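Got the viewer open? Here's a short walk through the model, one selection at a time.

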Amino acid sequence: LWQDKSAEKQFLREYAAMIASGISKRSAKSLDNLSQAQQNGGLTYDVLLSDAFLDYMYYSKNVSQQAQRWLYSSNSYKPQAPSDEQVQQWLSAVKNNELFTYVKGLSTDNSHYRQTIQALSSMISSSGLTSTGKKLAINAQRLRVIPDFHNGIFVNIPSYQLQYYRDGRLVLESRVIVGKDQRRTPVMYSKLSNVVVNPPWNAPTRLINEDIVPKLRRDPGYAAAHGYSILDSKGNSIDPYSIDWNKIGKNFPYRIRQAPGDSALGNYKFNMPSSDAIYLHDTPNRGLFSRKDRALSSGCVRVEKSSQLADILLKEAGWSDSRKQSVLASKKTTSANVRSDNPVFLYYVTAWVENGQTKVLPDIYQYDKAISHSDFNWNTVKKYL
């Protein structure tokens, strides 16, 4: 299985980079056993090498879906056997002398990932990684779950920035507001599906129970002051003064809605499939974009240049500028399907290497501190990196 020494070297480098991140003590032990067996070679070494490769195949295949769980808490990655289909692809690559290409394909083409793991070995001593090295190691793995910056909308949560690339060209850059620490914006991948002009806002259940109901209990007039309608299950409007607020428990029996044109979503909502009901949107509260710390939302991403983003997408959907203006003026909710392929990557990276320079951002959700780097043989890690 391991006649191709360049494929072996490529794999071991990627595996060492994964281990340096601190996400798996078991994988670190595997690499250490492998290093000791390498001196004698033979069948024992081949078996350990193949076992480690099965671990790496499983990780590579599933890390995109499991990024939030594996890369943002300590030792939560647990290796499992890869699928039979994956194993067959590996054996087929060996048979066709394509193992190096196969191993390379398990990684990423993200240029920041490549540059970051390149810098890691110089930050390792026998006592371990430097503090900057630790940040770079875990963030390299977070970078591997996104492609290179070529096509799509990329939001790096701790940078409070959105970048929109088309064919490798940056067509829009905008400040954003992300979730506060108690309601974090999740790491996720999706695709834009439609643009809603004049979106109404249906308050999420958690926000109703934690924020709005306590204010309505103190003053039912808060509803009218903020343009809230309280609706029953049939859509009938309920007078807030008719509700006995002292009897309202944790499960509020009504919906709360803000009318289009005056809602918390501003003029535009950019929908994308998400199990957490996360999306991009405008906001009427423009002053918040000038703040340095912009972790202020309930999880969704507010986009400062939402009008420019809407312009690009609505033009592709056949809208003229005059149509957009007349729909905005009407305050009627209107949606347009997104015609082009627009992947959206919400990711969380606080340190990386770019053109020889190390970039560092504040760890706004304290994810970096959750990673443990204890009990590793750093000489082994450095040897393969």
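Before you start clicking, remember that this is a predicted model. Let's begin with the empty spaces: the structure holds 2 cavities of 30 Å³ or more. The largest cavity comes in at a volume of about 50 Å³. To find the largest cavity, select D311, L314, K315, W319, S320, D321 and K324, the residues that line it.

Now zoom out and colour by domain. Give one colour to domain 1, which takes in 5-146 + 365-384, and another to domain 2, which covers 152-345. Going by C-alpha atoms, the centres of domain 1 and domain 2 sit 39 Å apart.

Next stop, the place where the two domains meet. Here 6 residues of domain 1 are in contact with 11 residues of domain 2. Between them, domain 1 and domain 2 bury about 660 Å², with 62% of that on carbon and sulfur atoms. Which three residues should you show as sticks on the domain 1 side? Pick Q68, I146 and Y365: they supply 76% of the area that domain 1 buries against domain 2, more than any other three residues.

Stay at this boundary and look at the chemistry. The side of domain 1 that touches domain 2 has 5 nonpolar residues, 1 polar residue and no charged ones. If you go hunting for salt bridges between domain 1 and domain 2, the count is 0. Polar contacts are another matter: 4 residue pairs link domain 1 and domain 2 that way, both partners being at pLDDT 80 or more.

Technical notes:
Residues are numbered from 1 along each chain as its sequence is written. This is a predicted model: local features need pLDDT of at least 70, side-chain atom pairs count only at pLDDT 80 or more; totals for chains, interfaces and linings use all residues. Side-chain values use heavy atoms; hydrogens and water are left out. Domain bounds come from an automatic or database domain assignment. Contact means heavy atoms within 4.5 Å. Buried area is the accessible area (1.4 Å probe) that two parts lose on being put together, summed over both. A salt bridge is a side-chain nitrogen of Lys or Arg within 4 Å of a carboxyl oxygen of Asp or Glu. A polar contact is a pair of N or O atoms within 3.5 Å; within protein, one must be able to donate a hydrogen and the other to accept it, and residues adjacent in sequence count only if both atoms are side-chain atoms. Ala, Val, Leu, Ile, Met, Phe, Trp, Tyr, Cys and Pro count as nonpolar, Asp, Glu, Lys and Arg as charged, and the others, Gly among them, as polar. On a 1 Å grid over the protein atoms alone, a cavity is a set of points where a 1.4 Å probe fits but cannot get out, and a pocket is an open set with protein on both sides within 12 Å along at least five of seven lines; lining residues have an atom within 4 Å of a point. Grid points are joined across faces, edges and corners, and a volume is the space filled by probe spheres set on the points.
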